[in-house]
Amino acid sequence: MPAVHGGERRWEAEAAPGMAAARPLALLVLLVLGPGGWGFADPPRDSLREELVITPLPSGDVAATFQFRTRWDSELQREGDTDHYFLRYAVLPREVVCTENLTPWKKLLPCSSKAGLSVLLKADRLFHTSYHSQAVHIRPVCRNAHCTSISWELRQTLSVVFDAFITGQGKKDWSLFRMFSRTLTEPCPLASESRVYVDITSYNQDNETLEVNPLPTTTYQDVILGTRKTYAVYDLHDTAIINNSRNLNLQLKWKKPPENEAPPVPFLHAQRYVSGYGLQKGELSTLLYNTHPYRAFPVLLLDTVPWYLRLYVHTLTITSKGKENKPSYIHYQPAQDRLQPHLLEMLIQLPANSVTKVSIQFERALLKWTEYTPDPNHGFYVSPSVLSALVPSMVAAKPVDWEESPLFNSLFPVSDGSNYFVRLYTEPLLVNLPTPDFSMPYNVICLTCTVVAVCYGSFYNLLTRTFRIEEPSTGGLAKRLANLIRRARGVPPL
């Protein structure tokens, strides 16, 4: 199941639980060169679904998530389980997301950016946001229990967070036109579903704090990330929504100031940092927070560290509430210089209402001078840690039909009604390495050229110059005049 994630700018997990849980801030590529990741469904042939989820945040910002799912039939057959020797995992710690990433991403859409929700994907608006993340997932889906025939599913996700004081010019009232400079006029003709969901759930249980215009015709309720959510639903295939004003421009207005409201703290969030001084040794530390008041749960931690940070595995320590916490499972694959990075995978049990610290020491390697980046003093990026866990839910969730439920509901699938799956990505780190003084070659070249010019030039001048002796001239102007007079009188010159 190939998956590509790309993101730009840091996003705190405590600020908006749903945003950081599903969108990494680095480029992640997961490739299985063989069959695997099979689900069971009976979808229609070549179906397309598109959704836009708008979530007002207590800070006054607004998060918008686009999801497009395309399925097409295939004649491929399943021939056994996945061979793990073909499993590839790679990570690019940082990539500047720009229109070069967005343009081919939009071309994968059946309607491109001509109709439907994709008309809102305007580059100059998306890249002037506080947070940006886009992803592409491809997976096979079985159409029957024996998986004799499959459908391929392409899911594209784009998430942005609009800042109230940058995009909204200090105003906390929002609309589609203010966010995207465009409005919705028609659904994609190839889409079987084209809907807009607006989160109208209030954190203080006061339904009069947020006003949505126009009023929704239907609402949808579900448990997302352990919290019961209410969404206003706008179906673009409903002719009454578009025909009333020839376009759909959703407006969000706060009736009460949202400054005093605080979102619920997620049960699982993490932080990562590098410590130490000097350019020889350091320490990587990851803090795992379990804020659940009475339940403990395991977390799978995956770390990929570049080879030029030489890890000391014997210094690996895991502490929870001041005591040692031994992992239930640990797998470590050492790095090879210039070939592969370190791979560290652990299964850690997080006690209830605790902070677990995972730390390991490392030593910085000295690279060859040709291996440094054009800006070596800026530092080198280290990929973020990946956390996967089944987080307990405070609200029991009912089993849902994934084909009938909204697409955003499958981002956090519920396992047994009391747990939901979450994958988190920590911050990428910036580590300084021992860097030689790259100005010395320039100084040496300048000094050498000066010495050569002075010494060789003088020596060459001495070798090629012709010397001759000239007798000093006698007399001056008076003598010349006297000789002219003597010549005129016929007297020999002086």
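**Reading a predicted model: span, cysteines and core**

Modeller: Let's start with residues 442-463, a span that is 100% helix and 0% strand, with its end C-alpha atoms 31 Å apart. Keep in mind that this is a predicted model.

Colleague: Happy to. Which feature does UniProt place at residues 442-463?

Modeller: The record, an unreviewed entry, gives "transmembrane region" for that stretch. Such annotations may be inferred rather than shown by experiment.

Colleague: And how many helices and strands are there in the protein?

Modeller: The protein has 26 strands alongside 7 helices.

Colleague: Now the cysteines. How many disulfides does the structure hold?

Modeller: The general idea is a distance test: two cysteine sulfur atoms count as a disulfide when they are within 2.5 Å. Here there is 1 disulfide. It links C111 with C188, at an S to S distance of 1.7 Å. The angle about the S-S bond is 70°, and the link of C111 and C188 is right-handed.

Colleague: Which parts does the pair tie together?

Modeller: C111 sits in the loop between α2 (99-107) and α3 (123-126), while C188 sits in the loop between α4 (176-180) and β10 (193-199), so the pair connects parts 77 residues apart in sequence.

Colleague: Are C111 and C188 buried or exposed?

Modeller: Both cysteines, C111 and C188, are buried.

Colleague: Why is there no bond from the sulfur of C446 to the one in C449?

Modeller: Apply the distance test again. The closest cysteine sulfur to that of C446 is in C449, 6.8 Å away, so the two are too far apart for a bond. Seen from the other side, C449 has its closest cysteine sulfur in C446. As for accessibility, C446 is partly exposed at 33%, and C449 is partly exposed at 49%.

Colleague: Let's zoom out. What share of the protein do buried residues make up?

Modeller: Burial is read from relative accessible area, with under 20% counting as buried. In this protein, 44% of the 494 residues are buried. The exposed surface is about 26700 Å², and carbon and sulfur atoms supply 56% of it.

Colleague: What do the contacts say about sequence separation?

Modeller: Of the contacts with a separation of 6 or more, 77% are between residues 24 or more positions apart.

Colleague: Could we take one residue as an example? Where is E51 found?

Modeller: E51 is in strand β4 (residues 48-56). Its relative accessibility is 2%, so E51 counts as buried. Beyond its neighbours within four places in sequence, E51 has contacts that include T65, L117, R195, Y197 and F408.

Terms used: Residues numbered from 1 in each chain as written. Predicted model: local features only at pLDDT ≥ 70, side-chain atom pairs only at ≥ 80, totals over all residues. Heavy atoms only, no water. Helix = DSSP H or I, 4+ residues; strand = E, 2+ residues; numbered from the N terminus. Buried < 20%, exposed > 50% of the residue type's maximum accessible area, 1.4 Å probe, protein only. Contact = heavy atoms within 4.5 Å. Areas by Shrake-Rupley, 256 points an atom, 1.4 Å probe, with all protein chains shown as cover.
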